[in-house]
Structure formats: structure tokens, C-alpha cells
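Take a look at the structure below. We will go from the whole to its parts, then follow a few charged side chains.

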Amino acid sequence: MSVRPFSKISAPLGGLLAAVGLVAVAALTTPDMTGRTRLNLEVLLALIWAIYVLQLIDTLIAQRARDVRDSLPAVAIDVLAVLVPLAAVLFVGTRDQSLYCAIWLLKPLRGSPFFRLMGRVLSKQARNLIGITSIFGIVLFGAALTAYLIERDVQPDTFGSIPQAMWWAVVTLSTTGYGDKIPQSFAGRVLAGLVMMCGIGIFALWAGVLATGFYEEVRRRDFVRNWQLVAAVPLFQRLGSAALVEIVRALRPRVVPAGAVICRKGETGDQMFFIVEGRVSIATPNPVELGAGSFFGEMALITGEPRSATVSAATEVSLLSLYSEDFQMLSSSNPEIAEIIRKTALERRGATPKA
């Protein structure tokens, strides 16, 4: 019997299995649980583990050498999800065996695009993050050393050594403020205030670096996707890279489900549409369908007139939208494209365009 279907476990289903397993792990730590309930939970954990074994086997069978680098994190998570609980059964006491199933916390990361995105951000921003972390360590040790010198005679039990003062420095620098260790001297309290302000600044730097990294990565991903969509439109395939960059920045991707209305007759039009995939239906006396590579809605941009027909999605359709202000800029920088759009618009209207 083939185990291939187990490789098709979706990310939500894999996360659900992991969640069920972790709930069972938490329940097994309840001291007054009956023996029958405990046995049922242990059987449930064994069943989830068996599913993960089959998933791992199938993943390894289907794996090709050229794909190993791309799927290595997923394979590593699958291996850990199987081997860690197995090692616990073989080498750990019965009481704590189920706790090692907590490794399944990693399973939701297996197919998550967000965590792949976060991994790329951390990789690209590693130098900046390490630099900020170094500053954090320097301030942390300096705060602990200074607090030890100031408070060691006032509170020998609390600040009697640098390691003891280090806990206060961590709590203060992170602005958590548990209140279990408080400087008593005036100089110590001034130091605490300075350390808190340093902590706010350091965490703001961390947040700023990560936010910038996420923004740049998402923008790069969207740019690549939009480039692929624009390059698929026949009208743009003759353009050079510089012109394509301008168009990619001007066009906005949009996916419309089948049956949805894209624009209605009589509406004021502020954008035209290019079809990348799918088909649209134009409600005229003789209904017309347009497919990939076509465009519509251009009359509203050229003449300023209201929409002359209602357009709906005959199938799920992938569109690129061009707004009026972007159309004017595109017309200035790429008159060839603008002329083709105008010519097609006039032909559809039944007029003869001037050369």
C-alpha cells in the first residue's frame, strides 16, 4: 500500500494534528487522571506519531536531489518530529516520555510562507541584528557592573556580585520591572533610569531593523510577482527592461472570482484592466468574451466618459489595473503603448483612427 497520500497533508491539517497532540501532552501532566483516560491519550499520541512517520517516509521517497536544498527545513522538522519522541520512549523514564512530543510545536512551521519569509529577513539582516545584540550585551554587562559597585554595600544580598546584579540589569534593560530587586541609593536609581532609556532605544532599533527587512522582502516578492504578470501580457512583451520596470510600478494586480462584476455600465471609470489569466464577459447587445492578453475599460481613461458596458468575470480572472493618473505618466514615457491602447479603443468604438 502506498503511503504517498500522507505527503499531501496540508499545513492547516498538520498544524491541527500538532495542536491535538500538544493538548494531549498537557492533559497527561494532570495528576488525578484515571488510568483509562491516560491510556487513551497515549494511544492518540502514538497514532499522531505514526502519521508523522508515514509522512516522513513519503517525503524522503519523493525527494529528488535537486530539491534537497529547498526542502531541507521541512525534512528536518519531519525528522525531529519522529526521532525525538522515539528517543524519549527508548531512553527516558515513563513519566516524562510524552513531554518530548512537544517537539511537534515545530510542525506548523513546516509549510508556512510567513516563517520562510521571516527566515529570509533574519538571514539578510543578520549583521545589523548581531550588531544591535552586541550593544545590548555591552549595556547589560556595564549596567550590572555599575549596579554592583553602587549597591553592593547597601544591598549585599541582592547586589553582592555581578551575576546577582545581572538579573536586575536584564529586567531593567528590557523595561519589564519585576520589582524584586530595586536600587536603594540615589545613584542606583539614576542608573536604573538610564538603563531603561537605553533598553527602549535598543528594542526600537531591533524593531526598526526587522520592520524594514520585512517591508523590503515583501516589496521584492511583490515586484517579482508583478513583473511575471506584466511580462505575460502580449502588449508589453516588446518593451525593454526599463519600460517594464515603469509599468510594473504603475500596474496593480487583482484577482476576481468567477461571476463577480468588475465594472458596471454608467460608472465613472478611473482605471483600465489588462487580463493576465482567465476570461471576462462584456454585456453588450452581442456579448463579447475577452481572454488573456486583452484589455478593457480604456475608453473611460481616454475620453472621460462613463462606462459603456458591464464587465464580469466569466472565469476566475487575474487582472492588472492601470489608474488614470498612471496612464497619463505611462503615455508620456511610452507613447507607443499609449498609441496602441488609443487605437484599439477607437476601433472598438467603430471609428477610424488617424495615423
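A salt bridge is a side-chain nitrogen of Lys or Arg within 4 Å of a carboxyl oxygen of Asp or Glu. Keep that rule at hand. The model shown is a predicted one.

Begin with the overall picture. The protein has 355 residues, and 34% of them count as buried. Its secondary structure comes to 12 helices and 8 strands. The exposed surface is about 20700 Å². Carbon and sulfur atoms supply 63% of that surface. Now consider the contacts between residues at least 6 apart in sequence. Of these, 68% join residues at least 24 apart.

Next, the strands. Four of them form an open sheet in the order E2-E7-E4-E5, with antiparallel pairing. Which strands stand at the edges? They are E2 (261-263) and E5 (288-290). Each has a single partner strand, so one side of each is left without a neighbour in the sheet. Neighbouring strands of this sheet are turned by 30 degrees against each other on average, direction ignored. Look at one pair inside the order. Strand E4 covers residues 280-283 and strand E7 covers residues 310-313. The two pair in the antiparallel sense over 4 bridges. One residue match can be picked out: isoleucine 282 has valine 311 in E7 as its bridge partner.

Move to helix H1, which spans residues 11-28 and holds alanine 18. Is alanine 18 buried or exposed? Its relative accessibility is 1%, so alanine 18 counts as buried; the cut-off for buried is under 20%. What does alanine 18 touch, leaving aside its neighbours within four places in sequence? The contacts are Tyr52, Trp104, Lys107 and Pro108. Tryptophan 49 can also be placed relative to alanine 18. The two are 31 residues apart in sequence, and their C-alpha atoms are 9.7 Å apart in space.

One of those contacts, Lys107, leads to the charged side chains. The whole structure holds 5 salt bridges. In one of them, lysine 107 joins aspartate 78, with the closest N and O atoms 2.7 Å apart. This pair links distant parts of the chain, 29 residues apart. Aspartate 78 sits in helix H3 (68-91), while lysine 107 sits in the loop between helix H3 and helix H4 (113-124). Where do the two stand in terms of burial? Lysine 107 has 6% relative accessibility, so it counts as buried. Aspartate 78 has 0%, so it counts as buried too.

Now follow helix H4 to another salt bridge. Arginine 120 pairs with glutamate 217, and the closest N and O atoms are 2.9 Å apart. Arginine 120 lies in helix H4 and glutamate 217 in helix H8 (residues 186-231), so the pair ties together parts 97 residues apart in sequence. Lysine 124 also meets glutamate 217 in a salt bridge, at 3.0 Å from N to O. Lysine 124 lies in helix H4 and glutamate 217 in helix H8, so this pair ties together parts 93 residues apart in sequence.

How exposed are these partners? Glutamate 217 is buried, with a relative accessible area of 3%. Arginine 120 counts as partly exposed, at 32% relative accessibility. Lysine 124 is exposed, with a relative accessible area of 53%. Finally, put the pieces together. Arg120, Lys124, Glu217 and Arg220 are linked in a network of salt bridges.

Definitions and conventions
Residues are numbered from 1 along each chain as its sequence is written. This is a predicted model: local features need pLDDT of at least 70, side-chain atom pairs count only at pLDDT 80 or more; totals for chains, interfaces and linings use all residues. Side-chain values use heavy atoms; hydrogens and water are left out. Buried means under 20% relative accessible area, exposed over 50%, partly exposed in between (1.4 Å probe, protein chains only). Contact means heavy atoms within 4.5 Å. Accessible areas come from the Shrake-Rupley method with a 1.4 Å probe; for residues, only the protein chains shown count as cover. Two strands pair if DSSP finds at least two bridges between them. Axes are lines fitted to C-alpha atoms, for helices over the stretch in contact, and angles run from 0 to 180 degrees between N-to-C directions.
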